[in-house]
Amino acid sequence: MSNKNLFLKSGFIRAPIQNGVGRFVPQLQRIVLKFCKTYGASQGLREFIEQDLVDFAKENPSVVVYLKPRRHRGPVIVAEYLNGDRVWMSVHNKTHSEITKWIEVLRTQQGDISSLRLRKYQYTDYPSVQGPWTPFTFKDPELNTAQLPDPHFGANDRLPITATEKLRLLFEKQKLSDVKTAE
Amino acid sequence: MSACKRVQQWATFARTWHIFDCKWQDPYQSAGVIKKYLMGMHKPIYHPLNDCGDVVVCINSREIALRGEDWRRRAYFHHTGYPGGASWTLAWELHNKDPTMIIRKAVYRAMQGNLQRRHTMERLFIYPGEDIPEDVLQNVTNQIRQLRLVPTRLDHIPEEEVKNYPKVMDYPEDYILK
Amino acid sequence: MNKICVIRRFIPLTTKAMKCYPTTVQTQKIHRWVAPTLMELKVREKKLGGKKYSPRNTYLEWNLEAELYAFGKRLNEDFDSDLLLQAFTDRSYVIKEEQKQKDLGIDIKMKDNRELASNGEEFIKNYVQVYLETILPRFPLEGVSGVREHLISEESLAHVSLHLGTKDIILAAEYPVDRFILANAFKAIVGALLQSSGDERAAHFVRDFVIAQLQGKDVNEFWTIDDPYEMLTNILKKEGATLEPRLIGEAGKNTILACYRVGLYVEKKMISSGYGESIKIAKEMGAREALKKIFGTEDHMKPNFQLEGIPKPNTNIRYQIAAS
């Protein structure tokens with residue numbers, strides 16, 4: 001029932017070696033395109049190689065692209081990342097545009113994301129700005145020296161004002177105004 | 001983790017001991033407040049799996065005030081589990097037998113009926129009068145405010161104050177009260 | 001190359017965001033009746049000493065020149081290609097190659113990375129020291145050296161090196177490469193960069209990869225203070241102030257989960273407070289907090305990871321914790 005017996009590991013989003021703090025290092029290390037020169041299912045991959053591969057290689061000089069033409073085998077893309085992950089993806093019968101999009105996904109990933117279940121979609125090293133809450137944060141310091149139970153801290157202080165109290169306050173006000181007029 | 005983080009964790013999850021004076025209070029109304037402190041719902045770090053509940057010490061539970069005709073009419077049911085083991089006890093009978101039971105049952109009823117309830121109830125201490133063991137009283141660092149007003153008796157107010165209190169009207173000196 | 005993966009992965013519940021990327025690892029379909037064969041194969045493999053992983057540079061798809069070029073481009077640096085190759089060549093590899101060449105009779109001189117590594121190490125050490133002194137102006141020198149030792153340690157450099165992708169490119173006798181060789185390779189890369197691009201670029205490289213590892217770490221952890229209260233009283237005595245500790249909060253005094261809060265006051269003003277399981281611990285932690293404030297290394301400090309060039313530290317306000 002709990003997480004311990006599941007094979008899918010869980011973790012938090014982390015950038016390896018604090019990637020963005022200093023310079024940004026693209027995480028894709030190398031990409032291997034295995035295709036057949038005549039097989040129909042490799043059509044999309046072949047088109048990608050013919051049309052978009054050189055531009056891709058020019059735009060991403062940090063990625064080493066290997067081509068493996070293999071007869072009678074299905075088309076496959078294997079992406080290897082800096083943290084050691086290896087993503088094997090079959091592009092059997094995928095169209096050129098689909099493959100372009102998948103290559104874009106592989107290029108911008110950080111590793112094999114399907115091997116980790118993200119527990120939260122955010123991460124921070126500093127969850128609290130003013131300091132974490134403690135029971136002492138909003139405590140009245142007078143409670144430190146009080147002898148509990150004390151009616152000063154125990155009685156209800158949010159009751160509505162009674163009629164008697166109102167009259168008394170009116171009387172006090174009247175007394176004051178009398179004193180003022182007398183002066 | 002480092003010492004600073006360790007003590008920070010210790011402080012954030014520290015268990016405070018609260019005291020609540022049940023004198024002239026409605027047990028069912030106060031149970032709603034007490035249960036919050038017991039479960040830890042008054043804390044921003046609350047989570048049901050977090051074990052963040054505080055301890056509440058209730059005093060003067062003999063002095064509680066049930067509403068209306070409840071003392072005479074409210075009955076508490078108990079079944080021993082054996083055939084013919086059902087019993088209905090009236091509130092005044094139960095209170096005479098054990099003055100802490102009514103408030104304990106009220107708090108138990110106020111809580112959610114989950115598996116944590118029995119564990120949380122262990123954190124509630126109820127004393128019938130003002131006598132609390134010394135070590136329990138020393139642990140207490142906070143007081144929960146009462147919900148109902150406790151009126152002061154006329155003979156408990158000092159004479160000076162009674163005399164000087166402003167009067168709207170007063171009987172003439174030779175008036176005879178029937 | 002057939003990839004046999006027996007573990008079936010679970011498909012998490014898809015949301016709109018999740019539909020974009022592969023939610024399962026694509027693996028070969030293995031039928032139920034193949035299981036006994038595979039189990040027997042695994043037993044035999046285990047008997048022979050476990051699964052043998054061949055290093056990446058023995059694969060068919062490997063081009064060292066391309067890898068080195070990509071490595072340089074990844075780090076946004078221009079390396080001299082010979083120097084870079086030299087930086088990745090480990091001593092053990094050279095020894096192995098020389099043995100092989102002796103057997104064959106040819107003699108090709110291969111340069112190893114010891115010299116580059118030592119240059120790099122010295123540069124890293126000096127630069128990190130100077131940088132830390134600049135960004136932690138009030139931190140005592142013992143603390144600064146503690147942080148520096150942690151950043152330059154073999155473990156830290158090996159970790160950085162691993163995640164830069166050096167483990168596949170390094171030429172060594174045995175694979176997988178161990179920590180010392182990884183750290184050495186990193187130092188050699190810094191040495192190579194120093195020689196090819198100069199001081200400033202190498203400084204920025206070290207800043208972005210070594211000093212950035214401080215992000216999220218508490219700088220006070222790398223230096224043990226034996227008696228923080230005494231240290232604090234000494235510091236305040238020099239300025240002519242007296243310290244007054246007071247108990248400002250407690251919870252559950254007689255329980256085992258007791259928590260105390262002690263505040264430290266200087267001339268009736270609170271400078272810090274500390275929590276603890278006992279009053280002694282709380283006092284000590286309060287003193288530590290006060291020291292953090294004095295040294296400017298509290299939790300919310302923001303060290304500058306973007307300093308350009310080689311900074312010059314100003315040591316006027318630094319506190320001298322001399323062993324007197």
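Reader: Which feature does UniProt place at residues 227–296 of chain C?
Author: Keep in mind that this is a predicted model. Over residues 227–296 of chain C, the span is 41% helix and 36% strand, and its end C-alpha atoms lie 19 Å apart. The name comes from an unreviewed UniProt entry, which gives the feature there as "domain: DRBM".

Reader: There's a loop between strand S2 (259–266) and strand S3 (269–276) of chain C, with C:Glu267 in it. Is C:Glu267 buried or exposed?
Author: The backbone at C:Glu267 has a positive phi of about 50°, although this residue is not a glycine. Most residues other than glycine have a negative phi. As for its surroundings, C:Glu267 has 9 other C-beta atoms within 10 Å, and a residue with 12 or fewer falls in the open class. So C:Glu267 is exposed.

Reader: What about residues 64–198 of chain C, which feature does UniProt place there?
Author: Over residues 64–198 the chain is 74% helix and 0% strand. The end C-alpha atoms of that span are 25 Å apart. The unreviewed UniProt entry labels residues 64–198 of chain C "domain: RNase III".

Reader: Helix H2 (residues 64–74) of chain C has some buried residues. Which elements do they pack against?
Author: The buried residues of H2(C) are C:Ala70, C:Phe71, C:Gly72 and C:Arg74. Just after the helix comes C:Asn76, with a positive phi near 65°. Those buried residues pack against helix H3 (81–88) and H8 of chain C, together with S3 of chain A.

Reader: Where in chain C is C:Pro176, the one with a cis peptide bond before it?
Author: The bond in question runs from C:Tyr175 to C:Pro176, with omega near -5°. Most peptide bonds are trans. Along chain C, C:Pro176 is in the loop between helix H8 (166–169) and helix H9 (179–197).

Reader: Stepping back to chain C as a whole, what is its radius of gyration?
Author: Chain C has 12 helices and 3 strands. For its 324 residues the globule rule gives 20 Å, and the chain's value is well over that, so chain C is more spread out than a compact globule. Its C-alpha trace spans about 80 × 55 × 45 Å along the principal axes. The radius of gyration of chain C is 28 Å.

Reader: How much of chain C counts as buried?
Author: Start with its contacts: among those between residues at least 6 apart in sequence, 60% join residues at least 24 apart. As for burial, the share is taken over the 324 residues of chain C, and it comes to 32%.

Reader: Chain A touches chain C. Which elements of chain A give two or more residues to that side?
Author: The contact takes 35 residues from chain A and 39 residues from chain C. Sorted by class, the side of chain A has 20 nonpolar, 10 polar and 5 charged residues. The elements giving two or more residues are strand S2 (28–35), S3 and strand S5 (86–90) of chain A.

Reader: Is A:His72 buried or exposed?
Author: A:His72 is in the loop between strand S3 (64–69) and strand S4 (76–81) of chain A. Its phi is positive, near 55°, in a residue other than glycine. With 7 C-beta neighbours inside 10 Å, A:His72 counts as exposed.

Reader: Which peptide bond in chain A is cis, and where is its proline?
Author: A:Pro149 lies in the loop between strand S6 (116–118) and helix H4 (151–154) of chain A. The cis bond, with omega near -5°, is the one from A:Leu148 to A:Pro149.

Reader: On to chain B. Why is strand S1 (residues 17–21) of chain B called largely enclosed?
Author: S1(B) runs parallel to strand S2 (residues 55–59), joined by 5 bridges, with B:Phe20 opposite B:Cys58. S1(B) also pairs in the parallel sense with strand S6 (residues 140–143) over 3 bridges, where B:Ile19 has B:Gln143 as its bridge partner. The strand is largely enclosed by the rest of the structure because 4 of its 5 residues are buried.

Reader: Which helix joins S1(B) and S2(B) in a β-α-β unit?
Author: The unit made with the two strands is right-handed. Its helix is H2 (residues 27–39) of chain B.

Reader: Which element gives the largest share of the side of chain B that touches chain A?
Author: The contact takes 21 residues from chain B and 17 residues from chain A. Helix H1 (3–12), S1 and S6 of chain B each supply at least two residues. By class, this side of chain B has 12 nonpolar, 7 polar and 2 charged residues. The largest share, 4 residues, comes from S6(B).

Methods. Residues numbered from 1 in each chain as written. Chains lettered and ligands numbered in written order. Predicted model: local features only at pLDDT ≥ 70, side-chain atom pairs only at ≥ 80, totals over all residues. Buried ≥ 20, exposed ≤ 12 C-beta atoms within 10 Å, placed from the backbone. Contact = placed C-beta atoms within 7 Å. Nonpolar A, V, L, I, M, F, W, Y, C, P; charged D, E, K, R; others polar. UniProt positions renumbered as here; feature names shortened; annotations may be inferred. Pairing = 2+ DSSP bridges. Right-handed = clockwise from strand over helix to strand, strands pointing away. Rg over C-alpha atoms; globule rule 2.2 N^0.38 Å.
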